[in-house]
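Here is a short set of exercises to work through with the model open beside you. Each task comes with a solution that goes step by step.

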Amino acid sequence: MDLIQENQPVMFSETNKSYLPLPDISDANLSHSFKSQKPSTKKKPPALFTKRPPHVNRSNSSSTAIAISFRCSPGNGQLSSMYQPTKRESYFDQCFEKICKIGEGSFGEYFRSESYREERLLEVKRHEEFSSHDHCVTLYRAWEENDRLYIQMELCQSSLESYVMEHSNIPESTTWSFLLDLLLALKGLHDRNLIHLDIKLDNILVTEDGVCKLGDFGLVFDLNRENKESAMEGDSRYIAPELLEGVFSKAADIFSLGITMLELACNLELPSNGVLWQQLRIGILPEESKEMLSEDLYNVIRWMMNPDCEQRPSVNALLQYPRIKILLKRRKRWWSITKMSYREERLLEVKRHEEFSSHDHCVTLYRAWEENDRLYIQMELCQSSLESYVMEHSNIPESTTWSFLLDLLLALKGLHDRNLIHLDIKLDNILVTEDGVCKLGDFGLVFDLSRENKESAMEGDSRYIAPELLEGVFSKAADIFSLGITMLELACNLELPSNGVLWQQLRIGILPEESKESSPNVGIAIV
């Protein structure tokens, strides 16, 4: 029996209840490399397993296009009316003008055979299940012709792989948005007990609107019905460590998505094997990632890449993460605006604004009109926003802060007396007149506590929101919190965090130590 030294690193295998020695990864000379902005000429790593053998079977060959669809709805999968079977040209040549290769997936280059045909038909069937999902690539139709299978899908701007090459410094806000897109796509699969098993930059497409969509469903695996021996992992650069032990679960997709986000956010060149590959799978992230990522994003990625698959978060747990939850709520608000039409939403804002137009501490609305499909709103001209005022006056006297606080309390009283809450109080939504009076503006998120469904309520800027809003608790107290943190920002000239540890501290009553010295009386009032 081999003995393991006391200080030797080990990996514990649940399948055989034995300890497996790991290679020594303490070499300080090893470091991760980063991508250049130009496309890499390096060949992709080979797949871990050989593809299907090239046995050709032409028993199903046909020179006429035959539509393929597994949808129940009539008309789905029908061939284009432009197709004329009597012509010598194929359906592809008759109905499509431009042909170019734009990428490849796990089954990128294929041999024609009966087994291959069945595999590809299964992929079409799986893809159709998610074709209507907002964050999965749409499949329009599929057909067989001349012993080939054609799949027509929506045309996106590029793959996420190409997007990274073209944009070397991607803003973190974009990374969070892409992460949410892909979590919503994964939720569609995981809710049906399906796993994707091939999440990577090259299998994610980006639309012209900057939305990420998941594609390539060739390795999708059903955890309910299928024999796990038939499951197959994808690109070695992205696979979860437990897949090598034959453990297939939803957590594998979470790991792949986590390492994909690491690659995206840090412009990292992922290794396909070796010591650095092992490091990423035992929780050792590149040192540079701590500097390149915010603490919030770094912690989420580490959570998703936990070596223990049972300790990784589920899709639903990630959707409840504060930063992601806020982003999702904003999207739902936008989706509701889209459903009710932008014009109706703006008219509702005009209606709410008119109710407070005569209030001394709300911005006056003079008139509104529509012309050439545009909505115009004429309001009183103030000197500046309070945001600009703070920029111009670095040291604001405490007496001015108290005066501004009184102005805004009077404005809030006007709303709260009618059982309305503002939900978007911040420096940028407060205007200052030439006489130095503060007036509240932007009534787009005003919410009626008496009549409206709380599911339609939407919080504003994450820097100012009250903590209970993340739990769906909407009350007048939320406005008080937002006003309090706005006064803290004003009095201390503070840069408010939008997430992370400092964000959390402010929401459990821990104010910056400096605030006690700069404005002690205001600090007491805020607490």
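**Exercise 1.** Classify lysine 187 by its exposure, then describe the salt bridge that its side chain makes.

*Solution.* Step 1: the cut-offs are under 20% relative accessible area for buried, over 50% for exposed, and partly exposed in between (1.4 Å probe, protein chains only). Lysine 187 has 26% relative accessibility, so it counts as partly exposed.
Step 2: the partner is aspartate 191, with 3.2 Å from N to O. A salt bridge here is a side-chain nitrogen of Lys or Arg within 4 Å of a carboxyl oxygen of Asp or Glu.
Step 3: aspartate 191 reaches 52% relative accessibility and therefore counts as exposed.

Before going on, note the ground rules: this is a predicted model, in which local features need pLDDT of at least 70 and side-chain atom pairs count only at pLDDT 80 or more, while totals for chains, interfaces and linings use all residues. Residues are numbered from 1 along each chain as its sequence is written, and side-chain values use heavy atoms, with hydrogens and water left out.

**Exercise 2.** How many salt bridges does the structure hold, and where do lysine 439 and glutamate 380 lie?

*Solution.* Step 1: the count is 8 salt bridges.
Step 2: one of them joins the side chains of lysine 439 and glutamate 380 at 3.0 Å, N to O. This pair links distant parts of the chain, 59 residues apart: lysine 439 sits in strand S18 (residues 438-440), and glutamate 380 in the loop between strand S14 (374-379) and strand S15 (384-385). Helices (H or I, at least four residues) and strands (E, at least two) are DSSP runs, numbered from the N terminus.
Step 3: both lysine 439 and glutamate 380 are buried.
Step 4: try lysine 413 and aspartate 417 next, whose closest N and O atoms are 3.2 Å apart in a salt bridge. Lysine 413 is partly exposed, because its relative accessibility is 48%, and aspartate 417, at 56%, is exposed.
Step 5: finish with the network of salt bridges that links Lys200, Asp235 and Arg237.

**Exercise 3.** Which kind of aromatic pair do tyrosine 163 and phenylalanine 178 form?

*Solution.* Step 1: rings of Phe, Tyr and Trp (its six-membered ring) pair if their centres lie within 6.5 Å; planes under 30 degrees apart are stacked, over 60 edge-to-face, and the rest tilted. The structure holds 6 such pairs.
Step 2: for tyrosine 163 and phenylalanine 178 the centres are 5.5 Å apart and the planes stand at 70 degrees, so the pair is edge-to-face.
Step 3: the two residues are 15 apart in sequence, with tyrosine 163 in helix H3 (residues 160-166) and phenylalanine 178 in helix H4 (residues 172-190).
Step 4: tyrosine 163 is buried at 15% relative accessible area, as is phenylalanine 178 at 1%.
Step 5: compare phenylalanine 221 and phenylalanine 248, a tilted pair at 6.0 Å centre to centre and 45 degrees between the planes. Both of these phenylalanines, 221 and 248, are buried.

**Exercise 4.** Is aspartate 461 buried or exposed, and what does it touch?

*Solution.* Step 1: a relative accessible area of 14% makes aspartate 461 buried.
Step 2: leaving out residues up to four places away in sequence, aspartate 461 touches Arg330, Asp424 and Lys426; contact means heavy atoms within 4.5 Å.
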